[in-house]
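Student: I've got this model open and I'd like a close look at a single residue and the parts around it. Could you walk me through it?

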Amino acid sequence: MIDFIKYTKLFIVVSLVAIALGIYGIVSYGLKLSIEYTGGSVISLKNYESASSIENIVLQKDIEIKEINEIDGLLTLKLNETSNEKLAGLQKELTSNQVTQIEDFEIISPSYGAEFAKNSLIGVLLSLIVVVLFMAYSFYKVSGNLSPWSFGIAALVAMLHDILITTSLFSFLGHFNNVEIDALFLTAILTIIGFSINDTIVVFDRIRENLNKYQDSKSLSEICNISIFETFNRSLTTSFTVVIIMFSLFTLGSGSIKYFSLALVVGLTAGTYSSIFIATPLLLIINKYLKK
Amino acid sequence: MFKSNPSKLILITVFVTICALLALPKIPIEYSHPLINISTTIGGYVFRIGDNVFDFRDFKKGLDIEGGMKIVINLDMSEIPENERDSSANTVKEIIDRRVNLFGVSETGSYISKSNDTYRLNIELPGQKDLEGAISAIGSTAQLRFRVLKEGQTWPPTNISEQMSLDDFFVDSGVGGSDLVGSEVIFDPTTNQPAIQLRFSQEGRQKFSEIVKKNVSKPIGIFLDNQLIQAPTVSPDLASGVVNDPTITGVNLEEAKQISNLLKAGALPVPIQIVEQNIIGATLGQDILQKSLIAGGVSLAIIFIYFIFSYGRLGFIAIVCLLSYISIVLAIFKFSNILTTSGVVLTIPGIAGFLFSVGVACDASILVFERIKEEIRWGKNIHLAINSGYQRAWSSIKDSNYTTFLASLILFIFGTGFVKGFALTLMIGIVVSLLTNVYFSRIMTSVFIKEYKA
């Protein structure tokens, strides 16, 4: 049997390095937020003469262009926030005289985006609190000298680890590939939260079972190690099935769905890693502090 | 010990088959052979029971797939007492629905979202592209107010300075569009000019007549969307007489018709403001939908092969369970839109969430079958191993699914927009996966692995 617990320090160092890199990325590059959060507008156009001619029309209307993209004959302009009248004027000008054909046109006011982000955040935080409480409740009767809170807290930290790694990857992608944090990214984070908790609970459940079984014959860290070993196959198989779905979406997909599935591939992989190599060692460490 | 129960299996098979047929789109089946000729279709059914129509033809697709327009309107409730806000929001929804219908859009979906103290109306217009037209239909509305002259002011003003606005002359009287029950275009019998006859509700008439009597020989401003339409002066003989419902004159026939229509559609009880407007093309969404379907199919095939390879006979059971899961969930998606107006809408995040839930459903099977393998490794015969495999795995399946369900429930309650939809999809997925991948699969193994004694 592989002694996972023996290498605890190594796993934690690997994660810490990844997180440190991630924090460096977030601090130095920031997060590139899409207009869903910042407000502004996006126009996608088809059948236009040239990108620069469209650019001129927009600039003539005294509207600032944030970004301009051309893929497969589809021109996407991201515009800074401006008045609705100006945008209506722009729309008229673009559609008159068959200059171009508008495929997508999206206007979002900044307060709306900020509020959306705030609501989502409140929802996420509340559900996290509920998760910790529920775990403390369902692991309350655990035998041995384990504090029930340590399960919830360890699962929470493992999950934050997964979210942080995914988010920081997107700060790099935002800086180097212009990938934005959009509403789909939030969906990805929610999914990662669900998966990460799921994965960690399966390992913890086995620890609970083995604590009853080996209570008198084995040490706590030995029991943890056996539990990780026994759930190892399941963890890998499950993440294999989920990652394969998301990976095929990533390779086939385009646009925002591509990066959505990338976020999931990364987050779910991190989730599997953390449930095996981080959550259980953390459980031991946190338990030591809670018992003091 | 779990008893083998073939009759339950038959019931489940019937149930899952029905779900699968309901979930399927209409598929033609053509087969011709010199001896047999088949030409029929399956799936995409429509049922009529009494007056109720159960339409299982298609999923309700979101705008991001079907294309169209979406407009989000902020409702300013600052002037409305707290206990009347919900009903005011509903009134706005009804009125705007009517306006949009006048604009010629038949299939609209609008819903009110409320978060904290902010009320929003989300209007979805599938297949529409004329944003400007829609906005003018929704937004160029008539918010009708009657205003009275401010103390110490005269109208028409004797000296106008640049900085002065109408607000410096008039102050709201408390009577407005919400006091009307209707309006119509009439022709003034003396001048033969078109005019708009307003019709007050009983309460509105009383309020209006009080104001009229207080403002004898003074003008009353009739404002539509903060623009002064006219300011007739109250004639002195009204002080004691009966106050008739007012008319708006000085408009041509076209204007009279338009204003009257807007008023008939109802004046909005609260001011509104557009906060989001989208035109969404269908090509991008269709492309993503198609690719997601391919991605789902490819990965399912890989997962199936893996299941058979690693669990043998049990792998087949896992595949059947997974297909049952997909059928039931999709049938629920369709059914939810027949039963309620706010059912599951297939959007791009929704599809991604569904694909993910397929993965989570696999997890239940994997947990059980890995456990069974383990029990066999520990020396149990297959029978005992299956039994304790389900028993032991249940504890972790239960805990992990309950936690995810609770978290989704919180998100469903507090989230807005697609976060809500995502949470709903996940909750449906969790319940169904427990049914198919634990309960159904238990019954299936008990029937099919019977003769498998070690």
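Tutor: Sure, let's start with A:Leu290, which is partly exposed because 13 other C-beta atoms lie within 10 Å of its own; with C-beta atoms placed from the backbone, 20 or more would make a residue buried, 12 or fewer exposed, and anything in between partly exposed. Keep in mind that this is a predicted model, where local features need pLDDT of at least 70 and side-chain atom pairs count only at pLDDT 80 or more, while totals for chains, interfaces and linings use all residues. Residues are numbered from 1 along each chain as its sequence is written, and chains are lettered from A and ligands numbered from 1 in the order in which they are written.

A:Leu290 sits in helix α9 of chain A; helices here are DSSP runs of H or I with at least four residues, strands are runs of E with at least two, and both are numbered from the N terminus. Setting aside neighbours within four places in sequence, A:Leu290 is in contact with A:Ser147, A:Trp149 and A:Ser150, where contact means C-beta atoms, placed from the backbone, within 7 Å. A:Ser171 is 119 residues away from A:Leu290 in sequence and 35 Å away in space, C-alpha to C-alpha.

Now for the helix itself. α9 of chain A (256–291) is among the elements that give two or more residues to the side of chain A that touches chain B, along with α4, β4, α5, α7 and α8. In all, 54 residues of chain A are in contact with 57 residues of chain B. The most comes from α5(A), with 14 residues. By type, the chain A side has 27 nonpolar, 19 polar and eight charged residues; Ala, Val, Leu, Ile, Met, Phe, Trp, Tyr, Cys and Pro count as nonpolar, Asp, Glu, Lys and Arg as charged, and the others, Gly among them, as polar.

Two other helices on that list, α7 (residues 183–214) and α8 (residues 220–252) of chain A, also pair up: their axes come within 9 Å and cross at roughly 150 degrees. The axes are lines fitted to C-alpha atoms over the stretch in contact, and angles run from 0 to 180 degrees between N-to-C directions. That makes α7(A) roughly antiparallel to α8(A), a label for angles over 145 degrees. Residues making this contact include A:Phe195 and A:Val202 of α7(A) and A:Ile223 and A:Thr231 of α8(A). The residues of this helix contact divide into eleven nonpolar, four polar and four charged.

Note on methods:
Parallel < 35°, antiparallel > 145°, perpendicular 65-115°, else oblique. Contact = placed C-beta atoms within 7 Å.
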